[in-house]
Structure formats: C-alpha cells, structure tokens
Amino acid sequence: RSPGAPPQPAEAGPGGSAAAPARPRSAATRPRSAPGSGRSSRGAPAGEMGLEPLFQAWSYFRRRKFRECADVCSQILERPPSEQAAWNLKTRALTEMVYVDEIDMDQEGIAEIILDENAIAQVARPGTSLKLPGTGQGGGPSPAVRPVTQSGRPITGFVRPSTQSGRPSTMEQAIRTPRTALTARPITSASGGYVRPGTASMITNPDGPFINLSRLNLPKYAQKPKLAKALFEYIFHHENDVKNALDLAALATEYAQFKDWWWKVQIGKCYYRLGLYREAEKQFQSALKQQDMVDTILYLAKVYLRLDQPVTALNLFKQGLERFPGEVTLICGIARIYEEMNNISSAAEYYKDVLKQDNTHVEAIACIGSNHFYSDQPEIALRFYRRLLQMGVYNCQLFNNLGLCCFYAQQYDMTLSSFERALFLAENEEETADVWYNLGHVAVGIGDLNLAYQCFKLTLVNNNDYAEAYNNLAVLEMRKGHTEQARALLQTASSLAPHMYEPHFNVAILSEKVGDLQRSYTAAQKSEEAFPGHVDTQQLMKQLKEHFAML
C-alpha cells in the first residue's frame with residue numbers, strides 16, 4: 001500500500017495558514033504610546049487658508065498621513081529659525097512610516113540558523129526544546145494525518161514568522177525554506193525583516209538623509225528626554241543603525257540615573273537585535289522590576305525562545321497572567337509555545353481561553369479550526385472557518401480550507417465553488433499551487449484519477465518545489481505501472497522534503513517490488529526516522545530483516 005501525502009489545508013510553505021497570514025503588528029494597527037498620539041483629528045480639513053503650518057502638520061500626523069506631515073515639517077524647517085517642535089514631529093512621522101512592532105518580528109534568518117554559536121543540548125529532555133524534532137509531548141494527530149514542517153512540528157492554523165522557519169540540518173535545506181523561494185538571495189533577519197540602512201532614507205528623502213547620524217552629538221540629545229526618545233526610535237526603526245541607537249540609549253539611561261524603565265527596554269531591544277541575548281535578558285528583567293508591563297514580558301519571552309528555553313518562557317507568561325489576568329497576548333503566547341512543542345491539546349485549550357477574552361481573535365479561531373479538521377471533525381472546523389468569513393476575512397486560504405471542510409463533511413455542493421473562489425483570490429503562484437493540490441485530493445476522493453493527475457501537474461506548474469505533489473503523482477504513476485517515472489518523482493520528493501515520511505516509504509515499497517532489497521531497507525530506515533510510529537514501515541522492515549537473516 002502506497003499512502004498519498006495527507007491533504008493540507010491552505011499551506012503557505014511548511015506552516016499552513018487557515019486564515020489571513022500573520023503580519024507583524026505595525027503602528028497602523030496598534031498605535032504606540034508616543035506622546036500625544038491619539039484618535040484622528042476631526043477638526044477643519046488641513047490645507048484650508050490661514051491654517052498654521054505646524055498645526056497642519058500635527059493634523060496630518062494624527063490622521064496617519066505621515067508623508068504629508070513630513071513634507072509640511074520640511075517646509076517649516078527650511079525657514080529660519082527652525083522649530084524644535086517641527087523637527088521632533090518630522091522625526092516621529094518618518095519613524096511611523098517604516099515602524100514594525102518588534103514583539104511579533106521573530107524572523108530567524110539563514111545566517112542566524114546556520115551560523116548559530118549558541119550551544120544547545122544535543123539530546124534535550126522531552127518537552128524542553130523547540131529546535132530538536134521529536135521532543136514534543138504529543139497529544140495531537142500523527143504525521144500520517146497532519147503534515148509536519150521541516151523541524152518536525154505539525155503545521156499550524158496560522159502563518160507566523162516562527163512557524164515558517166524550520167531547523168534545517170544543511171545549508172541546501174536552509175536556502176529552500178519558503179521565505180527564500182521567491183527571492184534571488186538568502187534572507188537574513190537584518191535584511192528580510194527590517195529596512196536596510198540607507199534605503200529608508202532614500203525612500204523618505206530623495207535629497208539625502210534627514211539626520212546625519214555621524215555628526216550627531218549624542219550626549220547633548222541624551223540630556224533632553226523628549227527629544228531623545230523620538231530620536232532613538234528614528235535611529236532604531238528608520239535608519240536601522242542599532243549601534244548608534246544603543247549608544248544613545250546607554251547615555252540617556254545614565255542621565256536618568258538608571259530609573260527610567262523605557263530606556264532599559266530599548267537597550268534590551270538593541271542587544272536582542274545584535275544577538276546578545278543574555279545581556280538583553282538582564283535589561284528586560286531590570287525594566288520589569290521598575291515597571292510591570294505586558295510588552296516587556298513579551299520581549300523577555302522572545303529572548304528565552306531564541307535561547308531555546310520554552311519552559312522558562314511558559315513560566316514567565318504564567319507569572320505575567322497572575323499580574324495581568326485575562327491578557328490576550330500572554331494567553332496566546334502560551335498557546336503558541338505549546339503548539340510549537342507538539343502539545344496540541346494544551347495549545348487548543350489555551351486558544352479557547354483566548355476566545356473567552358476576545359471572541360474575534362483570528363489566530364485562535366484559525367488554529368482551533370485547523371485542530372478540529374485534523375482530528376477528523378470537519379463539521380466543527382467548518383463552523384470556525386465560517387465564523388472567520390462572517391468577521392470579514394476574505395482570502396484564498398480561507399476558501400481553500402472551507403472547500404476541504406465541505407468535502408470531508410460531505411457537503412459536496414459547496415466544495416467546488418469554494419475552490420473556484422480560492423483560485424480567483426490567489427495572490428501568487430504558491431497559493432494557486434495549494435488550491436490545485438487540494439483539488440487533486442478531492443479528485444482522488446471521488447475516484448477520478450485522471451482529474452487528480454491533471455491537478456497535481458498544475459500544482460507543479462505553479463510551484464516546482466511542491467514535494468507532496470511529486471509524491472502523489474508518483475503514486476498515480478505506480479498504479480499505471482510506470483515504475484521508472486514513479487521512482488524519479490519519488491527521488492525528487494524525498495530530496496525536496498527529507499522530513500516527509502511518505503516518499504521514503506513509497507521508495508521502499510517500490511524497491512522491494514523490483515527486488516532491490518538493500519535500497520528498500522535504506523529508504524524504510526529514513527521513513528522510520530521521519531515517522532517512528534508508522535506501522536506499515538515497521539512491518540516492511542521486519543519482513544526485510546527476516547529476508548536478510550535467511551541469506
């Protein structure tokens with residue numbers, strides 16, 4: 001028996017997405033506590049005759065029209081004497097244009113993965129490591145039902161930066177991660193997640209940078225707290241010059257006699273960006289002693305996760321919940337860690353707690369729906385995905401998952417129309433490939449193998465690195481008796497996705513049929529390594545060992 005790869009609701013690379021892909025929280029969705037930032041101005045429209053220019057710029061800023069605000073501030077600054085207020089406002093406007101909330105930016109680049117100098121235990125105790133596959137606590141469907149990522153975790157219901165970065169064992173695997181599939185060069189976290197030095201200045205100021213950092217007198221600005229905070233965020237977010245930002249923060253916190261928790265958090269952020277995780281941990285802990293803040297807890301948990309200490313991060317979140325009961329971001333953080341540790345049942349419980357506090361939380365709804373789908377409860381999953389549709393989520397991944405749920409819940413009238421809508425809404429070739437792959441599964445389910453063959457071919461037309469489609473095409477070729485084509489397709493699938501057990505097992509079956517027992521045994525060993533609990537692999541290995549013993 002040659003199993004096909006299981007259906008994958010809306011995979012966006014290894015980490016499947018059941019809803020809108022997780023975007024880093026930007027200032028557009030969560031205004032930061034910058035002094036004076038508030039709701040949109042309802043006053044007279046800016047641009048009226050007689051409106052004072054600085055007030056006009058402030059009005060633009062409050063309405064989040066940062067480009068216009070920066071332009072008006074530039075005009076004010078060109079006329080002597082230049083106003084400090086206009087300089088401050090322009091600095092903040094330029095920062096907000098490229099601002100990304102650091103809490104959700106947890107993208108680990110190839111350089112960090114491959115050139116990681118932090119030593120981790122080679123044989124971690126079960127349930128204490130995120131980086132070593134097979135140390136999870138179980139509690140969810142097996143890989144035979146629920147596909148796994150490169151690092152051995154089940155795919156999640158929601159795309160987050162951490163779900164897409166596997167733990168590749170070779171440089172070749174690292175370069176094939178989903179983030180790099182669309183670009184010509186490998187991405188590091190410094191160039192992929194953040195604006196590179198210089199580019200932001202060119203975008204926002206064609207004539208050159210607004211502030212020449214090399215000529216700044218940092219000790220002078222550090223003694224002006226209000227200016228220093230705006231300047232720090234400009235250097236850190238807009239210029240991405242972490243070293244100068246760190247120097248300014250160190251001088252400012254010294255001027256504040258080490259009593260300002262905000263500067264300690266900023267120093268911790270700089271250390272984290274520079275890879276000095278232990279120093280960042282000390283700064284965040286010191287800030288928490290002075291001022292208990294949810295954001296600081298989240299930053300500190302990020303440090304522990306990067307140091308591969310999920311249990312410490314869990315304890316930190318639980319202590320935070322004692323001080324901030326019902327805080328959604330903390331409960332969601334616990335659920336994410338449990339999900340990454342393969343403890344799916346605990347993750348589902350915490351996602352339900354999230355919904356008790358915030359019943360419109362997209363990530364929680366998507367992950368619970370995904371969990372129900374893989375637990376063979378497509379009808380319940382369908383209710384969660386319909387809830388997302390009612391909330392206004394309208395994208396390819398959601399209709400893809402609705403189509404799969406309808407098919408497995410035997411609501412065939414809605415299946416094809418959902419997939420048609422998903423194809424219409426697909427924004428890139430990877431999403432189109434996912435839809436065609438799932439349509440191939442539907443075709444296999446109704447027994448139309450010719451349609452399935454065409455769907456899997458169309459999957460490969462849109463995404464040539466789709467290992468599951470190669471595997472399933474090989475199964476169809478084996479049914480037709482085309483052994484050589486099947487072998488070639490399986491070799492491609494196993495090289496593209498060594499973490500999948502299906503290609504290895506199918507190679508073992510195929511080799512055993514043609515009498516190549518040694519190759520069959522080698523492939524069966526790889527299959528058992530990828531999925532230790534696979535009964536068919538164990539039976540095949542037992543037969544092969546008996547045969548070798550007779551020889």
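# Loops, salt bridges and packed helices

Author: D308 lies in the loop between α14 and α15 (310–323), where helices (H or I, at least four residues) and strands (E, at least two) are DSSP runs numbered from the N terminus. The model is predicted, so local features need pLDDT of at least 70 and side-chain atom pairs count only at pLDDT 80 or more, while totals for chains, interfaces and linings use all residues. Residues are numbered from 1 along each chain as its sequence is written, and side-chain values use heavy atoms, with hydrogens and water left out.

Reader: Thanks! What makes the phi of D308 worth pointing out?

Author: D308 is not a glycine, yet its phi is positive, at about 60°. D376 is a second such case, with a positive phi of about 65° although it is not a glycine either. D376 sits in the loop between α18 and α19 (378–390).

Reader: How do you know whether D308 is buried or exposed?

Author: By its relative accessible area: buried means under 20%, exposed over 50%, and partly exposed in between (1.4 Å probe, protein chains only). D308 has 9%, so it is buried. D376 has 66% relative accessibility and therefore counts as exposed.

Reader: Let's turn to charges. What makes E96 and R64 a salt bridge?

Author: The rule asks for a side-chain nitrogen of Lys or Arg within 4 Å of a carboxyl oxygen of Asp or Glu. The closest N and O atoms of E96 and R64 are 3.6 Å apart, and the pair is counted as a salt bridge. E96 belongs to helix α3 (residues 84–97) and R64 to the loop between α1 (53–62) and α2 (66–78), so the pair ties together parts that are 32 residues apart in sequence. By the salt bridge rule the count comes to eight.

Reader: Why is R64 called partly exposed?

Author: R64 has a relative accessible area of 34%, so it falls in the middle class. Its partner E96, at 14%, is buried.

Reader: How do you know that R336 and E363 meet in a salt bridge?

Author: Their side chains come to 2.8 Å, N to O. This pair also links distant parts of the chain, with R336 in helix α16, E363 in helix α18 (residues 362–374), and the two positions 27 residues apart. At 25% relative accessible area R336 is partly exposed, whereas E363, at 5%, is buried.

Reader: And what about K356 and D353: where do they lie?

Author: Both are in helix α17 (residues 344–357), three residues apart, which is about one turn of the helix. Their closest N and O atoms are 3.5 Å apart, and they form a salt bridge. K356 is exposed, with 68% relative accessibility, and D353 is partly exposed, with 27%.

Reader: Now the helices. What is the crossing angle of α14 and α16?

Author: The axes of helix α14 (residues 294–306) and helix α16 (residues 328–340) cross at roughly 15° and come within 10 Å. Axes are lines fitted to C-alpha atoms, for helices over the stretch in contact, and angles run from 0 to 180 degrees between N-to-C directions. Angles under 35 degrees count as roughly parallel, over 145 as roughly antiparallel, 65 to 115 as roughly perpendicular and the rest as oblique. The value for α14 and α16 therefore makes them roughly parallel.

Reader: What handedness does the crossing of α14 and α16 have?

Author: The crossing is left-handed; that name applies if the near helix is turned anticlockwise from the far one by less than a right angle, and right-handed if clockwise. V294, I297, L298 and L305 of α14 make the contact with T329, L330 and I337 of α16, where contact means heavy atoms within 4.5 Å.

Reader: Why are α26 and α27 described as roughly antiparallel?

Author: Helix α26 (residues 502–514) and helix α27 (residues 517–530) pack at about 160°, with axes 8 Å apart. That angle is in the over-145 class, so α26 and α27 are roughly antiparallel to each other. Their crossing is left-handed. H504, F505, V507, A508, S511 and E512 of α26 touch L517, R519, S520, A523, A524, K526 and S527 of α27.
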